[in-house]
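Here is a short set of exercises to work through with the model open beside you. Try each task before you read its solution.

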Amino acid sequence: MNINSSLIQFRSSIKSTVKRWETVLTFLLLSEFIIFSLANEKFTFTRMLLSINDIISICIISLFVTFVMVTGGIDIQAGSIVGLTSIVIGVSWQDGGMNIWGAVIVSVVIAALCGALSGFFVAYCGVQPMIVTLGGSFLFQGIALLISKISATESYKGISGFPESFTQIAKFKLFGVIPSQLLIFIALIIICYFLLHKTKYGRSVFLVGVNHEASEYSGINSRRVVMSTYILSGIGASIAGIVLTAYLGTAKSDIGATFTLPIITAVVLGGTLSTGGKGSILGTALAAVVIGVLRFGLPLSFKISTQYLDIPVGILLLAVVIGRAIASNSKTYAAFSKLFLRKKNAD
Amino acid sequence: MNFVKKTAKMREMSSLLFLVILFGTVGIFNPGFLTPTSLINCLNDSVVFTLLACGIAFTIFTGEIDVSIGATLGLTAAVSSTMLVNGSSWIVAVIVGIIIGAVIGALNGWGVAYLGIPSLIFTLGTNGIVRGLIYVYTKGAWVENLPAWFTRLSQFKIAGNLTVYYAIILAVVIVLSIILAKTRKGKYFIAVGDNASGATLVGIPTNKTKLLAYVLSGVFAAVAGLIYSSRIGFITPTAGNGYELRAIAACVLGGISLSGGLGSLIGASIGAIIMSSVSRILVFLGFSSDYDNTITGILLITIVVVDALTQNRSATKNRRQRLMARTALTPARGDKQHEH
């Protein structure tokens with residue numbers, strides 16, 4: 001009874017916040033487009049598609065990290081798994097003599113195992129997710145570096161010369177305009193959306209985030225669910241690593257080292273509660289695009305150096321969390337609603 | 001209360017034991033590691049991490065986290081060093097650096113304590129902003145040609161091989177540890193982290209304590225930035241990148257619980273020594289420094305997993321004891337009923 005009513009409650013609460021929040025994000029995105037294109041006529045949609053590679057990794061990974069954060073966890077190792085994936089593809093293809101697609105499969109399996117390792121410690125040993133994934137980020141970065149030393153190629157150069165069929169992943173364009181990365185992103189949004197919002201599994205992910213014990217009592221293997229989200233996030237990071245490696249044409253162990261801040265920003269900006277239980281794939285996707293457009297538009301339209309881009313992203317993150325904190329604070333919220341009511345009465 | 005003190009002591013002791021075993025093992029493979037000079041150099045090299053770890057320890061005591069300290073270190077290092085290069089007096093440079101650290105800390109503390117924003121999210125945001133500010137301030141260039149007296153100060157030694165920096169920091173850590181353990185207000189940090197609502201109920205200013213913890217964390221990071229520039233002699237825009245993660249790792253290695261309410265500054269310092277010795281140990285064992293991150297990651301994960309498992313076990317043991325005590329009472333009552 002109790003669980004049932006709380007289920008209904010959280011479903012409705014999710015629905016209402018998601019609706020509101022996603023509209024806010026859409027407006028934000030539209031206003032970005034308008035402001036940037038007014039400031040510089042070179043800012044066009046097709047031009048943005050050309051530089052999609054700068055943001056695609058963050059977009060892809062943040063979709064999967066949403067699963068982790070909905071369960072109340074956090075994943076800061078995804079960035080280092082990107083580098084690990086890249087170097088595994090390179091070394092097993094060049095030095096291991098594997099077929100390139102075999103190498104890709106190996107890299108995805110390894111990334112999933114990395115996620116499983118951290119997920120196991122979080123779910124079954126009860127260690128705090130942040131610390132485990134912090135250790136994981138050291139460990140996987142270190143392993144990636146060690147693997148790069150196996151290779152005959154100097155590690156700072158990176159392994160290049162991949163076959164055409166592999167680099168085609170990032171070069172293919174539908175109708176000559178839409179880059180494959182966008183197609184991959186859209187496909188992943190659809191998959192993740194169905195997985196999180198339309199399946200029994202997704203429902204259990206939410207319930208674990210809302211109340212760990214209640215989900216256990218209602219027959220969900222909550223530990224396995226938690227662990228699976230880390231595996232998913234590992235796989236997501238490996239997909240990003242594959243796409244990025246294909247685009248760059250070189251496999252390096254340290255690509256993705258700077259992704260942590262933008263990924264967490266995208267997920268939080270997308271409306272996912274860091275305490276778990278709330279979140280949406282569409283929100284994350286929109287937020288990732290908002291950040292991506294910001295990082296693309298500011299240098300182009302306002303001549304802001306790319307090195308400064310952490311500032312607007314950080315400010316965006318803080319503005320969102322502060323705004324949300326004020327909105328959820330009952331005192332200030334009451335003041336706001338009072339203001340709103342008075343206006344209504346005046347009308 | 002006695003029990004809490006005992007466990008706190010035990011946690012530090014286990015870190016110290018780990019340090020001794022680690023150094024001893026390295027000494028077996030390479031006796032050169034155990035010479036006094038080499039050991040004291042381990043201490044000297046840990047000075048920046050000791051400061052960062054002790055600073056962040058305050059926020060971890062209160063159950064929060066601060067991932068902006070690496071960027072704070074970078075910004076204060078850049079600003080203060082530029083001032084020194086431009087010939088301003090060292091007092092002004094130091095004061096400006098500390099003010100920067102305190103302001104960033106106060107911002108973090110305000111967001112976390114008074115707005116109730118999850119600390120990781122908020123400090124991740126300030127981390128991005130401060131890191132960007134370093135680029136704005138330095139325009140992406142290195143700060144070089146620091147005054148010679150400033151860099152030479154880092155080589156100034158007292159009592160054998162110990163640098164003056166580490167001696168001062170050690171004294172500060174010991175004094176602060178005594179304050180934390182013995183004074184009423186010093187115990188606030190641990191109390192807030194142990195049980196925030198309980199602390200509020202007994203009249204501890206929870207929000208103020210958290211704010212103070214963040215200010216201290218920022219100030220420690222600022223001082224670490226000054227010492228960093230004195231030791232290294234030049235500052236890149238990426239200075240201190242990822243140091244926050246290593247400082248957190250040092251705290252964990254030093255037996256500080258990340259859920260708050262447990263640990264000590266002495267523990268943080270021991271953790272910092274272990275953390276900064278990893279690369280030196282690798283050299284003495286004949287490995288390349290490429291293993292640095294891997295070993296750090298393995299150390300960190302092993303320690304936290306073992307810690308979590310032993311805590312789980314003691315929790316289950318306590319619960320079983322309680323249950324046993326209860327079941328021991330029940331049959332006695334049942335017997336009485338039978339007699340009726």
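Helices here are DSSP runs of at least four residues, numbered from the N terminus. Keep in mind that you are working with a predicted model.

**Exercise 1. A residue in a helix**

Task: Find the helix that holds Asn108(B), decide whether Asn108(B) is buried or exposed, and list what Asn108(B) touches beyond its sequence neighbours.

Solution:
- Step 1. Go to helix H5 of chain B, residues 90–114; Asn108(B) is found there.
- Step 2. A residue counts as buried when its relative accessible area is under 20%. Asn108(B) has 0% relative accessibility, so it is buried.
- Step 3. Leave out residues up to four places away in sequence, and the partners of Asn108(B) are Asp66(B), Ser68(B), Phe122(B), Thr123(B), Thr126(B) and Tyr214(B).

**Exercise 2. Salt bridges**

Task: How many salt bridges does a search of the whole structure find, and which residues are linked in a network of salt bridges?

Solution:
- Step 1. Over all chains, the search gives three salt bridges.
- Step 2. Start with Asp45(B) and Arg231(B), whose closest N and O atoms are 3.1 Å apart. Asp45(B) sits in helix H2 (residues 36–45) and Arg231(B) in helix H11 (residues 206–232) of chain B, so this pair ties together parts that are 186 residues apart in sequence.
- Step 3. Check the accessibility of both partners. Asp45(B) is partly exposed, at a relative accessible area of 32%, and Arg231(B) is also partly exposed, at 30%.
- Step 4. Now look for Arg280(B), which forms a salt bridge with Asp45(B) at 2.6 Å between the closest N and O atoms. This pair links distant parts of the chain, with Arg280(B) in helix H13 and Asp45(B) in helix H2, 235 residues apart.
- Step 5. Put these two pairs together: Asp45(B), Arg231(B) and Arg280(B) are linked in a network of salt bridges.
- Step 6. Turn to Lys210(B) and Glu64(B), whose side chains meet in a salt bridge of 2.8 Å, N to O. Lys210(B) lies in helix H11, while Glu64(B) lies in the loop between helix H3 (47–61) and helix H4 (69–85) of chain B, so the pair joins parts 146 residues apart in sequence. Both Lys210(B) and Glu64(B) are buried.

**Exercise 3. Two domains in one chain**

Task: Where are the domains of chain B, and which elements give two or more residues to the side of domain 1 that touches domain 2?

Solution:
- Step 1. Mark domain 1 at residues 2–287 and domain 2 at residues 292–340 of chain B.
- Step 2. Take the centres over C-alpha atoms, and the two domains are separated by 34 Å. Their contact takes twelve residues from domain 1 and ten residues from domain 2.
- Step 3. Consider the area: the domains bury about 960 Å² between them, with 71% of it on carbon and sulfur atoms.
- Step 4. Count the polar links. There are zero salt bridges between the two domains, and one residue pair is in polar contact.
- Step 5. On the domain 1 side, helix H1 (2–29), H12 and helix H13 (265–284) each give two or more residues. H13(B) gives the largest share, five residues.
- Step 6. Sort the residues on that side by type: nine are nonpolar, one is polar and two are charged.

**Exercise 4. Chain B against chain A**

Task: Describe the contact of chain B with chain A, beginning with how many residues of each chain take part.

Solution:
- Step 1. The contact brings together 41 residues of chain B and 37 residues of chain A.
- Step 2. The area buried between the chains is about 3300 Å², and carbon and sulfur atoms give 82% of it. Ile121(B), Asp290(B) and Ile301(B) supply 17% of the area that chain B buries, more than any other three residues.
- Step 3. The search for charged pairs gives zero salt bridges between the chains, whereas two residue pairs are in polar contact.
- Step 4. Helix H6 (119–138), helix H12 (243–253) and helix H14 (292–339) of chain B each give two or more residues to the side that touches chain A. The largest share there, 13 residues, comes from H6(B).
- Step 5. By type, this side of chain B divides into 26 nonpolar, eleven polar and four charged residues.

Methods:
Residues are numbered from 1 along each chain as its sequence is written. Chains are lettered from A and ligands numbered from 1 in the order in which they are written. This is a predicted model: local features need pLDDT of at least 70, side-chain atom pairs count only at pLDDT 80 or more; totals for chains, interfaces and linings use all residues. Side-chain values use heavy atoms; hydrogens and water are left out. Contact means heavy atoms within 4.5 Å. Buried area is the accessible area (1.4 Å probe) that two parts lose on being put together, summed over both. A salt bridge is a side-chain nitrogen of Lys or Arg within 4 Å of a carboxyl oxygen of Asp or Glu. A polar contact is a pair of N or O atoms within 3.5 Å; within protein, one must be able to donate a hydrogen and the other to accept it, and residues adjacent in sequence count only if both atoms are side-chain atoms. Ala, Val, Leu, Ile, Met, Phe, Trp, Tyr, Cys and Pro count as nonpolar, Asp, Glu, Lys and Arg as charged, and the others, Gly among them, as polar. Domain bounds come from an automatic or database domain assignment. Buried means under 20% relative accessible area, exposed over 50%, partly exposed in between (1.4 Å probe, protein chains only).
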